[in-house]
Number of protein chains: 2
Amino acid sequence: MANLGSDTKKKRTKTTKTPERMDIRTIARLAKVSIATVSRTINRVPTVNPKIAKRVWEVIEELDYFPNSQARALVSGRSWILGLIVSEITNPFFPELIQGFEDIAVEHGYEILVSSTNHDPKRMSHCIRRMLERKVDGVAVMTFGIEAPLLDQLAQRKVPLVFVDVGPDGPGINVLKVDYHHGIRQGVQHLAALGHRKIAFIRGPEGLHSAQSRLDAFIESLRECGIAPNPAWILPGDHTLEGGMAAMRQLLTAKDMPTAVMCSNDMTAIGVLHTMYRAGLRVPDDLSVIGFDNIHIAEVTIPPLTTVQMSRFDLAKAAVTALRACAEGTEKSEQKHEYNIQTDLVVRESTGFPRGTMKDLPKKIRAKK
Amino acid sequence: MANLGSDTKKKRTKTTKTPERMDIRTIARLAKVSIATVSRTINRVPTVNPKIAKRVWEVIEELDYFPNSQARALVSGRSWILGLIVSEITNPFFPELIQGFEDIAVEHGYEILVSSTNHDPKRMSHCIRRMLERKVDGVAVMTFGIEAPLLDQLAQRKVPLVFVDVGPDGPGINVLKVDYHHGIRQGVQHLAALGHRKIAFIRGPEGLHSAQSRLDAFIESLRECGIAPNPAWILPGDHTLEGGMAAMRQLLTAKDMPTAVMCSNDMTAIGVLHTMYRAGLRVPDDLSVIGFDNIHIAEVTIPPLTTVQMSRFDLAKAAVTALRACAEGTEKSEQKHEYNIQTDLVVRESTGFPRGTMKDLPKKIRAKK
DNA sequence: GGATTAACGGCAAACGTTTCCGATCCATAT
DNA sequence: ATATGGATCGGAAACGTTTGCCGTTAATCC
């Protein structure tokens, strides 16, 4: 017994001799309480005597102590870290989303781990693994589409998940539904109202669910307006500037040119704008262009881009909310919330009457504009 | 004593009865070795028998086990997390930087914690605190300028740091030096060679060190070309689109208009382009514009932007390298590396001859006017 | 063939918290 | 005066690893 005592004391002394070590024990010693009380004070457990709590807080303030979150997470089982996986951080849509996600997460005491997969399943897999190792409390997969095997890797472990558009059903899994149809229909109707009948679409990456949804919404909206979709005017793209430029170049060689083009995202639309500029053609005079996302720079493109707005903030907020509900979940009443994200058309200056329409119109209508 | 013994046994049994618990102990049991050996196997300690290692690995693979990094960090003292603080993630320059930083960090086994401060000292302070709580192995402060008090908060704790441009001297602190002068001089000389003598500058945020450096480099480069700087042509800005637009609007009201304008960053330049467009003026015919950063979309602005390239990749690589050197540091030979980042002009189409030079070539006509 | 040694595996302490459980104390009811 | 009980606080186990130290084994040398 005496041996044991002296032994532990010796070791403790040895490590304590460095004065800058600062842990909960130091605080306990200086405040003359036990470490349990310090812990309770920090976590604001109501049963601690206010008098003592004050003393403890004073010591904490003076030493500028803060708890080690590793140790905290180890024992409590909660890391207070949320994972966020995006497909490409260099697409301006995502930084705006990340910003919102971080703001809301931090507000609720969470840290975030962001990873950009660049559509590479290999990277995706690796980054899921890394997040699981860090014992994240939840993951928001905002890649707008995910491969099934990777998804299983995540779903196996019982970590709360949030997907966009599509995802498996299961406990702790939420799917944010984006109403692409609403905004895209507005866009098509806007074009149709201007007199467009020949409308092309530059789609997103093959296999990306949100890209398919946008295309589907486009085709259906076309039909609603009584316009038959022309397969030759549905062009491949990849949601990048370069993809937009390439698709537009291809379109320019077509024998029958459309008078308007909708793009699966704003980056594509900006690429289209640039190819038009290179070709010496004018937007919207020679071609009307509509984007999707309403990223910040869409306001200052030349001309400013008409586009469909999808709120990054709503998306981020819904994601964090869903994750929190699962992680901190009382598990009872709050089951399976439906999270819906709205989309809306923002009309700027990249859309106008189709070429030739103006001069053929009766003068009164022309004057109206 | 007997009480204590049976008590612990009971608890152990209780927690172990859940079959899905998976830790190093489970692996040890199934591989019929001690947990120490499992740990050594995972960490590739060379003294473990290859035969045994193979057996351990097989069990690990089969159960798809991975170690808990919290526990790992707790005992080893290393979190393998690097912090990255940027000023505004919505400025496209930073996502490109973050991408590079993440790539290189992950490559070396690190995770990254990104925070965007939006130039708010309050946020900055909060995010430094959060990073310290998470026990990051190092922090890269890529805000291109930092307030002194916040800096102390970081420097007090002995966490390796990397700054850009300016930072305190001390052990474990590295400063990445960006050679703004080189690229900016190229820009000024480019304009001077085209015949410009009246060159304005839209600066970055007041108090941001890199913004001041860019302005200084501009003024000095002007002098080198024998041009006297005109204070009226040095306009305030804030590195945003809106700032660029506002500055340009102000410039348009000047009685004596410059023929060219250099901007402290590309976002500002894009704002300038847009204001010119709104005013019905043409770039580069009516005004030459040069940006700084060479963000990706600078390629597709209308017209494509002449700008000064600063490599995000070099910056990210230097930051991670410096941080790793400090964190894993053998502390001996590799002291105080100098990290220099080069800048270079990229000529595109937003720069041209000053107005009047070309078409009014006969000088007498111009003089008559 | 016995001793020296190198290789290797296991025991247990340590990392810094949280939290269960028991102990103490004072006030109140009996 | 004693039993009851709530309010507080302290002791100590537990979280899942790493790692120093020691014991065992087998190989090598004289």
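These are my notebook entries on a predicted model with chains A and B.

**Entry 1: the parallel sheet**

I began with the strand order of the open sheet in chain A. Six strands pair in the parallel sense, in the order β2-β1-β3-β4-β5-β11. I then asked why one side of β2 and of β11 has no neighbour in the sheet. Strands β2 (111–116) and β11 (339–341) of chain A stand at the edges, and each has a single partner strand, so one side of each is left free. I noted the twist as well: neighbouring strands are turned by 20° against each other on average, direction ignored.

Within this sheet I looked up one pair in detail. Strand β3 (residues 138–142) and strand β4 (residues 161–164) of chain A are joined in the parallel sense over three bridges. Here A:Val139 stands opposite A:Leu161 of β4(A).

**Entry 2: strands β10 and β12 of chain A**

I next recorded an antiparallel pair. Strand β10 (residues 306–310) of chain A is joined to β12(A) by four bridges, and A:Thr307 is placed opposite A:Val346 of β12(A).

Which side chains of β12 (residues 343–346) are buried? I found A:Thr343 and A:Leu345 buried on one face, while A:Asp344 and A:Val346 point to the other face and are not buried. In a regular strand, side chains alternate between the two faces of the sheet.

**Entry 3: helix α9 of chain A**

I checked the length of helix α9 (residues 180–194) of chain A. With 15 residues at 1.5 Å a residue, the helix should span 21 Å, and its end C-alpha atoms are 21 Å apart, which agrees.

I listed its buried residues as A:Tyr180, A:Gly183, A:Ile184, A:Arg185, A:Gly187, A:Val188 and A:Leu191. An α-helix has 3.6 residues a turn, so residues three or four places apart point the same way. After α9(A) comes A:Gly195, with a positive phi near 110°.

**Entry 4: the two copies**

I then compared the chains. A turn of 180° with a shift of 0.0 Å along the axis lays chain B on chain A with an RMSD of 0.1 Å. The two copies are therefore related as by a two-fold rotation axis. The same surface serves both copies, since 100% of the contact residues of chain B recur in chain A. In chain B, B:Gln70 comes closest to the axis, with its C-alpha at 2.5 Å.

**Entry 5: the contact**

I recorded 35 residues from chain B and 36 residues from chain A in the contact. On the side of chain B that touches chain A, α5 (69–76), α6 (93–107), β2 (111–116), α7 (121–133) and α12 (266–278) each supply at least two residues. By class, I noted 17 nonpolar, 11 polar and seven charged residues on that side of chain B.

How values were computed. Residues numbered from 1 in each chain as written. Chains lettered and ligands numbered in written order. Predicted model: local features only at pLDDT ≥ 70, side-chain atom pairs only at ≥ 80, totals over all residues. Pairing = 2+ DSSP bridges. Axes fitted to C-alpha atoms, helices over the stretch in contact; angles between N-to-C directions. Buried ≥ 20, exposed ≤ 12 C-beta atoms within 10 Å, placed from the backbone. Least-squares fit on C-alpha atoms with pLDDT ≥ 70 in both. Contact = placed C-beta atoms within 7 Å. Nonpolar A, V, L, I, M, F, W, Y, C, P; charged D, E, K, R; others polar. Expected span 1.5 Å × (residues − 1).
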